[in-house]
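Please load the model in the viewer and keep the sequence panel open beside it. The tour below proceeds by selections, each followed by a description of what is found there.

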Amino acid sequence: MKKIKFIDVGFKDHDDVILKDISMEISFGYIYTIIGPSGAGKSTFIKLINRLIDPTEGKILIDEKNIKDYDIIKLRRRIGMVFQQPYLFEGTVEDNIKYGPMIRGQRDTNVDYYLSMVGLDKSYRTRKVDDLSGGEAQRISIARSLANEPTVLLLDEPTSALDPASTQVIEDLVIELKNKLNLTIIWITHNMEQAKRVGDFTIFINNGRLIEYGNTKAFFSNPKNDLTRLFINGKLTKEGIE
Amino acid sequence: MNVLSLVMSSSLVLISIFISYYQKLGVEKEIVIGSIRAIVQLTFVGYILHYIFYANSILFTLAMVIAMIIVAGNNAAKRGSGIPHVFYFITISIAFGAAITLTALILFGSIHFRPQEVIPVSGMIIGNAMVSSGLTVSRLKDEVKSRRHEIETYLALGANSRQASQKILKIAIKTGMMPTIDSMKTLGIVQLPGMMTGLILGGVDPVNAVKYQMMVTFMMTSTTAIACFTVALLSYTQFFTKNHQLI
């Protein structure tokens, strides 16, 4: 997998236009952060990539092949997803990490390896998920996605419910994983500073439309679009321009 | 029981009307309508059964059972409103559960294929399956709504819709089966169930009546389990696209 291409992609929920006319390319091996006001369509955008939903207009290509032509189950294993609230299955950390491989018939998952990938030692293996802190739970949910050996990781505000220390741990971890495993990361964040810290590229979505995207440094230092400038300066909210 | 006794016993309904009026529950009209419906429906069924029993026809017996299943399916489907094809799923599930249980009872020699035996037994198992399958679809609907995030987590990990629904299916099936299981636990202690009461009132020795009640209990449990399991498995598919996407 080398590239994801959006061609005139739109998504409607009944009569509500959630996304419209999205055309862009995502190159593999980088961290893309997605920013935008609440309700802008950011979560919908990333759910299109692992086909939790399908576009109602346009198409998405991975390596020039329509994602609808890939086996959907295999596609979702290649494109992992971590949510804002890490929903961990009842049982132990090991049960969670083994889940993805288990449902595809693999029994010998190296749980300790995936724990080490998220900076946790093997004593966590037998821990009950109820005993984990928010930061630990989020790390386990990342490890659980990694056990599917994805090439792309979609992160839907993974640190928004965490304290600053845990946020820092997750940021460092994701950057390390990207470098170590050559992962492509698509990361939704509400935190502008976080986007600057972790993103190689930044995508700005407002009101269902792709306003601007590009190299993070240039994006924040010299935005091309007025709406981007307003948003960066905290003057554009869900309700409109302040 | 003579007609006068029956008319006098119907006066007991006045107590519920009085309580409703006194407590301002506002259900007096519903109690009156319910009572009238019960009188009309039961009288009508009484005459129909009288005719079917007299005719002793396999065709009429089966037609009566099918009519019961359709009415039960229609009633239970209200609890699953919003789920496409839910009427068909519930009707099929009740029919499936009832068919297996009735066949087993006939093969085991517990009952004979006579309208006097098949119709009352069918009524009991279909009524029970109606309540349990209605509870199952209602719970399934609620669980899918409240656990969207959880289901999407499973799907995102590469689970198919069946695997992603495993937990909610268990909860929904269990919800449908629990009233039957609970009533089984207290049978004879807290309540003397309908069939046994009927037989005892009809002069049958309680020990003999108990044997019938045991059979009724077992058949209700099996029908409930089959109906809940089938309706859950048929209905959950309606919450997903063929591409394992939650609708």
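Begin with chain B: among its contacts with a separation of 6 or more, 69% join residues 24 or more positions apart. The model is a predicted one.

**Chain B as a whole**

Select chain B and colour it by secondary structure. Ten helices and zero strands appear, and along the sequence the pattern reads α-α-α-α-α-α-α-α-α-α. Along the principal axes, the C-alpha atoms fill a box of roughly 70 × 55 × 35 Å. Of the 247 residues in chain B, 38% are buried. With the surface displayed, the exposed area of chain B is about 14100 Å², and carbon and sulfur atoms supply 70% of it.

**A buried position in helix H4 of chain B**

Next, select B:Ala76, which belongs to helix H4 (residues 58-77) of chain B. Is this residue, B:Ala76, buried or exposed? Its relative accessible area is 3%, and B:Ala76 is therefore classed as buried, the cut-off being under 20%. Now add its contacts, leaving aside neighbours within four places in sequence: B:Ile90, B:Met130, B:Ser133, B:Gly134 and B:Val137. A distance label between the C-alpha atoms of B:Ala76 and B:Val137 should read 8.8 Å, although 61 residues separate the two in sequence.

**A loop residue of chain B**

Move to B:Lys24, in the loop that connects helix H2 (13-22) and helix H3 (28-55) of chain B. Its phi is near 55 degrees, a positive value in a residue other than glycine. B:Lys24 is exposed, with a relative accessible area of 75%.

**The interface between chains B and A**

Display both chains and select the residues in contact across them: 16 residues come from chain B and 23 residues from chain A. The area buried between chain B and chain A is about 1800 Å², with carbon and sulfur atoms giving 55% of it. On the side of chain B, highlight B:Ala156, B:Leu157 and B:Gln245; these supply 33% of the area that chain B buries against chain A, more than any other three residues.

Which side chains should be shown as sticks for a salt bridge? Choose A:Glu90 and B:Lys167, whose side chains meet at 3.4 Å, N to O. Across this interface of chain B and chain A, two salt bridges are found. The count of residue pairs in polar contact between the chains is eleven, both residues being at pLDDT 80 or more.

Then select helix H7 (148-156) and helix H8 (161-185) of chain B, each of which supplies at least two residues of the side that touches chain A. H7(B) gives the largest share of that side, seven residues. By residue class, the side of chain B that touches chain A holds five nonpolar, eight polar and three charged residues.

**Two stops in chain A**

Select A:Glu94, located in helix H3 (residues 93-103) of chain A. With a relative accessible area of 17%, A:Glu94 is buried. Beyond its neighbours within four places in sequence, A:Glu94 is in contact with A:Val111 and A:Arg125.

Finally, centre the view on A:Asp8 in strand S1 (residues 3-13) of chain A. A:Asp8 has a positive phi of about 45 degrees although it is not a glycine. Its relative accessible area is 45%, and A:Asp8 is partly exposed.

How values were computed:
Residues are numbered from 1 along each chain as its sequence is written. Chains are lettered from A and ligands numbered from 1 in the order in which they are written. Side-chain values use heavy atoms; hydrogens and water are left out. Contact means heavy atoms within 4.5 Å. Buried area is the accessible area (1.4 Å probe) that two parts lose on being put together, summed over both. A salt bridge is a side-chain nitrogen of Lys or Arg within 4 Å of a carboxyl oxygen of Asp or Glu. A polar contact is a pair of N or O atoms within 3.5 Å; within protein, one must be able to donate a hydrogen and the other to accept it, and residues adjacent in sequence count only if both atoms are side-chain atoms. Helices (H or I, at least four residues) and strands (E, at least two) are DSSP runs, numbered from the N terminus. Ala, Val, Leu, Ile, Met, Phe, Trp, Tyr, Cys and Pro count as nonpolar, Asp, Glu, Lys and Arg as charged, and the others, Gly among them, as polar. Buried means under 20% relative accessible area, exposed over 50%, partly exposed in between (1.4 Å probe, protein chains only). Accessible areas come from the Shrake-Rupley method with a 1.4 Å probe; for residues, only the protein chains shown count as cover.
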